[in-house]
Amino acid sequence: MAKTKYEQNKKYAQKYLNGLDSVQFRIPKGEKDVWKEAARAHGKSLTQYLLDLVHADNPDLFPEKEVSSGDK
């Protein structure tokens, strides 16, 4: 029996997610929109914006990481 498209996608998504860690933030209500707007102003997703800020603030910890330019 052939796997459905959903089952195939689920398999590949799970494989992708297994290679990532997850971080969760708890911030005051309404502040998320401010963060998202700041990211949008730099042409980035919120996740990429936060990653770039951490990498830029800690170049000694992430020497191989280059801050993205925001070009999508």
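This report covers the fold, the surface, one aromatic pair and the largest pocket of a predicted model.

## Fold and surface

The chain has 3 helices and 0 strands. Along the sequence, the pattern reads α-α-α.

Of the 72 residues in the chain, 8% are buried. The exposed area comes to about 6800 Å². Carbon and sulfur atoms supply 54% of that area.

## The aromatic pair

A search of the whole structure turns up 1 aromatic pair. Its members are Phe 25 and Trp 35, with ring centres 5.9 Å apart. The planes meet at 75°, and the geometry is edge-to-face because the angle is over 60 degrees.

The pair links distant parts of the chain, 10 residues apart. Phe 25 sits in the loop between α1 (5-18) and α2 (31-41). Trp 35 belongs to helix α2.

How exposed or buried are the two partners, Phe 25 and Trp 35? Phe 25 has 53% relative accessibility, so it counts as exposed. Trp 35 has 24%, so it counts as partly exposed.

## The largest pocket

The largest pocket holds about 630 Å³ of space. Its lining has 17 residues. Closest to the centre are Val 23, Phe 25, Thr 47, Leu 50 and Leu 51. Phe 25 thus appears in the pocket lining as well as in the aromatic pair.

Two or more lining residues come from each of α2 and α3 (46-57). Which element gives the most to the lining? That is α3, with 6 residues. By type, the lining divides into 10 nonpolar, 4 polar and 3 charged residues.

Conventions:
Residues are numbered from 1 along each chain as its sequence is written. This is a predicted model: local features need pLDDT of at least 70, side-chain atom pairs count only at pLDDT 80 or more; totals for chains, interfaces and linings use all residues. Side-chain values use heavy atoms; hydrogens and water are left out. Rings of Phe, Tyr and Trp (its six-membered ring) pair if their centres lie within 6.5 Å; planes under 30 degrees apart count as stacked, over 60 as edge-to-face and the rest as tilted. Helices (H or I, at least four residues) and strands (E, at least two) are DSSP runs, numbered from the N terminus. Buried means under 20% relative accessible area, exposed over 50%, partly exposed in between (1.4 Å probe, protein chains only). Accessible areas come from the Shrake-Rupley method with a 1.4 Å probe; for residues, only the protein chains shown count as cover. On a 1 Å grid over the protein atoms alone, a cavity is a set of points where a 1.4 Å probe fits but cannot get out, and a pocket is an open set with protein on both sides within 12 Å along at least five of seven lines; lining residues have an atom within 4 Å of a point. Grid points are joined across faces, edges and corners, and a volume is the space filled by probe spheres set on the points. Ala, Val, Leu, Ile, Met, Phe, Trp, Tyr, Cys and Pro count as nonpolar, Asp, Glu, Lys and Arg as charged, and the others, Gly among them, as polar.
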